[in-house]
Amino acid sequence: PQPRSHADPADTGPAAPGGLFAWLRGRCLGRGAAVDPARDTFGAMTGLYGAIQPADSVSLSTRTHGAVFNLEYSPDGSVLTVACEQTEVLLFDPISSKHIKTLSEAHEDCVNNIRFLDNRLFATCSDDTTIALWDLRKLNTKVCTLHGHTSWVKNIEYDTNTRLLVTSGFDGNVIIWDTNRCTEDGCPHKKFFHTRFLMRMRLTPDCSKMLISTSSGYLLILHDLDLNKSLEVGSYPILRARRTTSSSDITSSGSSGPRAVGSPCHQNNSGPPSEKTLSRPSQREGGSPRNSLEVLTPEVPGERDRGNCITSLQLHPKGWATLLRCSSNTDDQEWTCVYEFQEGAPVRPVSPRCSLRLTHCIEEANVGRGYIKELCFSPDGRMISSPHGFGIRLLGFDAHCSELVDCLPREASPLREIRSLYSHNDVVLTTKFSPTHCQIASGCLSGRVSLYQPKF
């Protein structure tokens, strides 16, 4: 028998049932004797959230900046940026809660999203169809303005490996910007992908997949992502449309046809891929070529016979799952849903595995109709912060805030409410965890930004 190290427990060693590969997989997931040293730190931080309370608030005149649409911390947690309805971007010191700077005319219309490229450079996007690059060391002027979209730009992603900026908007376009060749006049760019009813676009942490949500209830996944290859309509292999499931039965294939958009949140003149297009098989038997497209209709509790709009889309920080905020087309129900990524062989040569499985969900407060509520994972992925009426809820996969991989249910289970925090007088639209401190920020429709920290 293979000798076992004194540090390897019997139930996780290479000679244990499942063999060496099962043991290595356990190590990757943070189990067994060899774990990520940061795991204990994250566990301690998670424990602190049990004592979290409203700590401070920053209330500026709503006549200048309006509603808060997005919050973003710098990677080192030293700056909190706020995207506002009335063309402004606010900057705060999140530790002292002091206002640092107001970019009063950051854009000519609503500022929708902010993304840090590193600790000093960040990008903003707006309903004025532009993206702006900023440097914290010189905030009096923009580094440059990027033109390329023809409608409201709603979110920004960044690939740190290639230094490519990725943006999406209500024109249905996903555009790639090469920041390696950035000048005062902008960056070289190209249209990467186009789809109808585009709502949100995200990259997985390793940039191996791109997820795109639509207001018609579809979720598109580009597998084996290659951002250097521009995709024209019809040039990418289409994988068979699937409906995600919350049970172990993932062999049944189903798809729903294009639906009319009934949500007042989003209006444009596009639609999802047609059924004729979806029937095209994969180009490679038993696998997916680069940038192969999978089209899913995620199952939402209580929405089996009704359309839904995917209004918010986030990724687990370790790439294990995706987090969706869904509303019915009649806007009378909202849900927060967690879908686990399922890797493995396709069910059939012409159809991929059903890549997502519904694991957890919870119904949300049906307030602030017509506004998107942006939710988020904690830095360790153990908790979710979700706007809930005039406050936020901290949600866990179980009562102990366990890792998702340690408490995967056989059937979809309710998310556990760990804590509810209320300090606003209006509907909360966005919330964000600090990447370095035990702190949460939230912003509401009337322009108030609240911070939450532990109190003992």
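For this tour, Ala, Val, Leu, Ile, Met, Phe, Trp, Tyr, Cys and Pro count as nonpolar, Asp, Glu, Lys and Arg as charged, and the others, Gly among them, as polar. Keep that sorting in mind for the pocket stop. One more thing before setting off: what you have open is a predicted model.

**Stop 1: the whole chain**

Show everything as a cartoon and colour it by secondary structure. You should find four helices and 30 strands. The chain has 456 residues, and 57% of them are buried. Now switch on the surface: its accessible area is about 18,700 Å², with 49% of that belonging to carbon and sulfur atoms. To get a feel for how the chain folds back on itself, consider the contacts with a separation of 6 or more: residues 24 or more positions apart account for 58% of them.

**Stop 2: two annotated repeats**

Next, select residues 104-137 and then 146-178, which an unreviewed UniProt entry lists under "repeat: WD". How much helix and strand does 104-137 hold? That span is 0% helix and 53% strand, and its end C-alpha atoms are 17 Å apart. Moving on to 146-178, you will see 0% helix again, with 64% strand. Here the end C-alpha atoms lie 11 Å apart.

**Stop 3: the largest pocket**

Time to look for empty space. The largest pocket has a volume of about 1,100 Å³. To find the middle of this pocket, select Glu 72, Arg 115, Leu 315, Pro 317 and Lys 432, the closest to its centre among the 36 residues that line it. Which elements give two or more residues to the lining? They are strands S2 (68-73), S6 (111-116), S10 (153-159), S14 (198-203), S19 (308-315), S23 (376-377) and S28 (428-433). Colour the lining by residue type and you get 18 nonpolar, 11 polar and seven charged residues.

**Stop 4: Cys 84 and its surroundings**

Go to strand S3 (residues 80-84) and pick Cys 84. Is Cys 84 buried or exposed? The cut-off for buried is under 20% relative accessible area, and Cys 84 is buried because its value is 0%. Show the side chains around it: beyond residues up to four places away in sequence, Cys 84 touches His 65, Ala 67, Leu 90, Cys 110 and Val 111. For a sense of how sequence and space differ, draw a line from Cys 84 to Asn 112. These two are 28 residues apart in sequence, while their C-alpha atoms are 7.2 Å apart.

**Stop 5: Phe 92**

Now select strand S4 (residues 89-93), where Phe 92 is found. Phe 92 has a relative accessibility of 2%, so this residue counts as buried. Try another distance here: from Phe 92 to Val 82, C-alpha to C-alpha, is 8.3 Å, with their positions 10 residues apart in sequence.

**Stop 6: two cysteines with positive phi**

Jump along to the loop between S14 and strand S15 (210-214) and select Cys 207. What is notable about the backbone of Cys 207? Its phi is positive, about 60°, although Cys 207 is not a glycine. With 13% relative accessibility, Cys 207 counts as buried.

Then select Cys 401, in the loop between S25 and S26. Cys 401 also has a positive phi, near 55°, and is a residue other than glycine. Its relative accessibility is 6%, so Cys 401 counts as buried.

**Stop 7: further along the S25-S26 loop**

Stay in this loop, which runs between strand S25 (391-396) and strand S26 (413-414), and select Val 405. Val 405 is buried, with a relative accessible area of 17%. Add Trp 320 to your selection: Val 405 and Trp 320 are 85 residues apart in sequence, yet 8.1 Å apart in space, C-alpha to C-alpha.

The last residue to pick is Leu 408, found in the loop between S25 and S26. Leu 408 counts as partly exposed because its relative accessibility is 34%, and partly exposed covers values between the 20% and 50% cut-offs. Which residues does Leu 408 contact, leaving aside neighbours within four places in sequence? Select Glu 340, Arg 357 and Thr 359 to see them. For a final distance, draw a line from Leu 408 to His 360: they are 48 residues apart in sequence and 8.8 Å apart in space, C-alpha to C-alpha.

Notes: Residues numbered from 1 in each chain as written. Predicted model: local features only at pLDDT ≥ 70, side-chain atom pairs only at ≥ 80, totals over all residues. Heavy atoms only, no water. UniProt positions renumbered as here; feature names shortened; annotations may be inferred. Buried < 20%, exposed > 50% of the residue type's maximum accessible area, 1.4 Å probe, protein only. 1 Å grid on protein atoms, 1.4 Å probe; cavity = no way out; pocket = protein on both sides within 12 Å on 5 of 7 lines; lining within 4 Å. Points joined across faces, edges and corners; volume = space filled by probe spheres on them. Contact = heavy atoms within 4.5 Å. Areas by Shrake-Rupley, 256 points an atom, 1.4 Å probe, with all protein chains shown as cover.
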